[in-house]
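Colleague: Morning! Could you pull up that chain so we can walk through it together?
Modeller: Sure, here it comes.

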Amino acid sequence: MEEGECELCGRFGKLVEIEIEGSTLLVCERCAAFGEKPKQTGLKSAQKPAVSEREIVEEVVENYGERIRKAREAKGMTQEELAAKLQIRASLLAKIEREEMMPEIPLARKLERALGIKLVERVGEGGVEGEAESKDKNSYSMTLGDLIKLKKMDRE
Ligand SMILES: [Zn+2]
């Protein structure tokens, strides 16, 4: 068994590989209780499969550029500084802030974490944002997957 930082709670200790909602995580023995079952195959420990979110589609919010610019300015960062932090080109960030280019979800996630803002929202099956969807949305709103993401955000 290897030692390292738990991907759920951040505690250092012996790690167990578990599978949660299609994601493989290395977690401490305490957090392993969340998992479905420990995996015995050590073949693809570093590779995480894409998270399957069932019928949920993730979309970047409409006024992403404005949100990014305001949050960046509130932190007193230049485009160059933020771009360097995200390891992207400043010119790309400028385009995103002008909403000439929509960031991919992974980049939007990075921006969310770097700036502490919300850029990605989930759209239910069919993409209809109506009152009929709201009940379903709520039931998905705090899955274990979300908890994992929150925990990861906390650490960065
Ligand atoms: Zn843990």
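Colleague: Let me start with a single residue: does glutamine 87 count as buried or exposed, and why?
Modeller: This is a predicted model, so keep that in mind throughout. Glutamine 87 counts as exposed, because it has 7 C-beta neighbours inside 10 Å, and the cut-off for exposed is 12 or fewer.

Colleague: Thanks! Where does glutamine 87 lie?
Modeller: In the loop between helix 2 and helix 3. Its phi is positive, about 60°, although glutamine 87 is not a glycine.

Colleague: Which residue other than glycine has a positive phi in the loop between helix 3 and helix 4?
Modeller: That would be glutamate 99, with phi near 60°. Glutamate 99 sits in the loop between helix 3 and helix 4. With 14 other C-beta atoms within 10 Å, glutamate 99 is partly exposed.

Colleague: Good. Back to helix 2 and helix 3, then: at what angle do they pack?
Modeller: At about 110°, and their axes are 8 Å apart. That angle makes helix 2 roughly perpendicular to helix 3. The crossing of helix 2 past helix 3 is right-handed.

Colleague: And which residues meet there?
Modeller: From helix 2, Gln79, Glu80, Leu82 and Ala83; they meet Ala90, Leu93 and Ala94 of helix 3.

Colleague: Can we zoom out for a moment? How many helices and strands are there in the protein chain?
Modeller: Six helices and five strands. Along the sequence the pattern reads β-β-β-β-α-α-α-α-β-α-α.

Colleague: What percentage of the residues count as buried?
Modeller: 17% of the 156 residues in the protein chain. As for contacts between residues at least 6 apart in sequence, 48% of them join residues at least 24 apart.

Colleague: Now helix 1. Which of its residues are buried?
Modeller: Tyr64, Gly65, Ile68, Arg69 and Arg72, in a helix that covers residues 64–74. Looking down the axis of helix 1, you find these buried residues within an arc of 125°, so they line one face of the helix.

Colleague: Why would residues a few places apart point the same way?
Modeller: An α-helix has 3.6 residues a turn, so residues three or four places apart point the same way.

Colleague: Got it. What covers the buried residues of helix 1?
Modeller: The cover includes strand 4 (57–60), helix 2 (79–86), helix 3 (90–97) and helix 4 (105–115). On the face turned away from the buried side, helix 1 carries the exposed residues Glu73 and Ala74.

Colleague: What about the backbone just after helix 1?
Modeller: Glycine 76 is there, with a positive phi of about 70°.

Colleague: Let's switch to the strands. In what order do the three strands of the open sheet come?
Modeller: The order is 1-2-3, with antiparallel pairing. Strand 1 (3–5) and strand 3 are the edge strands, each pairing on one side only. From one strand to the next, the twist averages 50°.

Colleague: How many bridges join strand 2 to strand 3?
Modeller: Six, between residues 12–20 of strand 2 and residues 23–28 of strand 3. Among the partners, glutamate 17 stands opposite leucine 26, and isoleucine 18 has leucine 25 as its bridge partner.

Colleague: Last one: which residue takes a positive phi in the hairpin of strand 2 and strand 3?
Modeller: Glutamate 21, with phi near 45°; the hairpin has two residues between the strands.

Methods:
Residues numbered from 1 in each chain as written. Predicted model: local features only at pLDDT ≥ 70, side-chain atom pairs only at ≥ 80, totals over all residues. Buried ≥ 20, exposed ≤ 12 C-beta atoms within 10 Å, placed from the backbone. Helix = DSSP H or I, 4+ residues; strand = E, 2+ residues; numbered from the N terminus. Arc of directions from axis to C-beta. Contact = placed C-beta atoms within 7 Å. Pairing = 2+ DSSP bridges. Axes fitted to C-alpha atoms, helices over the stretch in contact; angles between N-to-C directions. Parallel < 35°, antiparallel > 145°, perpendicular 65-115°, else oblique. Left-handed = near helix turned anticlockwise from the far one by under 90°.
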